[in-house]
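Thank you all for making time this morning. I would like to take you through a few side chains in one model, and I will try to be careful about what can be said of each.

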Amino acid sequence: MATDTEKLRVERWAWILIYGGLLTLVLGMFLERQDRTLGDIFQIGGAVVAALGALLIWIRSRMN
């Protein structure tokens with residue numbers, strides 16, 4: 001059984017990762033105009049980070 005502190009920590013990290021990942025993804029879209037490779041790296045990295053945040057939301061929903 002998870003404590004309230006652990007639940008809060010997972011919830012905070014989930015939203016940090018989601019918003020940070022989406023911000024990085026959008027930054028990659030802007031960078032793609034100047035350097036396609038760098039833009040692709042930022043977009044892929046941002047999507048992966050946002051997906052990790054979504055995974056943490058699912059993990060948080062399973063905590064008792």
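I will begin with the salt bridges, then turn to a lysine, a glutamine and a patch on the surface.

Please keep in mind throughout that this is a predicted model. The count of salt bridges comes to 2. One of them joins Glu-11 and Arg-60, whose closest N and O atoms are 3.7 Å apart, and since Glu-11 lies in helix H1 and Arg-60 in helix H2, the pair ties together parts that are 49 residues apart in sequence. Glu-11 is partly exposed, at 36% relative accessible area, and Arg-60 also counts as partly exposed, at 25%. The other salt bridge is between the side chains of Glu-32 and Arg-36, at 3.1 Å from N to O; here Glu-32 is partly exposed, at 24%, whereas Arg-36 is exposed, at 57%.

What, then, of Lys-7, is it buried or exposed? Lys-7, which sits in helix H1, is buried and yet has no salt bridge, the nearest side chain of opposite charge being Asp-4, at 4.4 Å. Beyond its sequence neighbours up to four places away, Lys-7 touches Ala-2, Arg-60, Met-63 and Asn-64.

Gln-43 belongs to helix H2, which covers residues 36-62, and a polar atom of the Gln-43 side chain lies 3.4 Å from the backbone oxygen of Gly-28. Setting aside neighbours within four places in sequence, Gln-43 is in contact with Leu-25, Gly-28, Met-29 and Glu-32.

Finally, a nonpolar surface patch, with about 570 Å² of accessible area together, is formed by Ile-44, Val-48, Leu-52, Leu-55, Trp-58 and Ile-59. Of these, Ile-44 lies in helix H2 and is exposed, with a relative accessible area of 57%.

Terms used. Residues are numbered from 1 along each chain as its sequence is written. This is a predicted model: local features need pLDDT of at least 70, side-chain atom pairs count only at pLDDT 80 or more; totals for chains, interfaces and linings use all residues. Side-chain values use heavy atoms; hydrogens and water are left out. Helices (H or I, at least four residues) and strands (E, at least two) are DSSP runs, numbered from the N terminus. A polar contact is a pair of N or O atoms within 3.5 Å; within protein, one must be able to donate a hydrogen and the other to accept it, and residues adjacent in sequence count only if both atoms are side-chain atoms. Contact means heavy atoms within 4.5 Å. Buried means under 20% relative accessible area, exposed over 50%, partly exposed in between (1.4 Å probe, protein chains only). Lys and Arg count as positive and Asp and Glu as negative; His and the chain ends are not counted. A salt bridge is a side-chain nitrogen of Lys or Arg within 4 Å of a carboxyl oxygen of Asp or Glu. Patches are made of residues with over 30% relative accessible area and no salt bridge: like charges are joined within 9 Å, nonpolar side chains (Val, Leu, Ile, Met, Phe, Trp, Tyr) within 5 Å. Accessible areas come from the Shrake-Rupley method with a 1.4 Å probe; for residues, only the protein chains shown count as cover.
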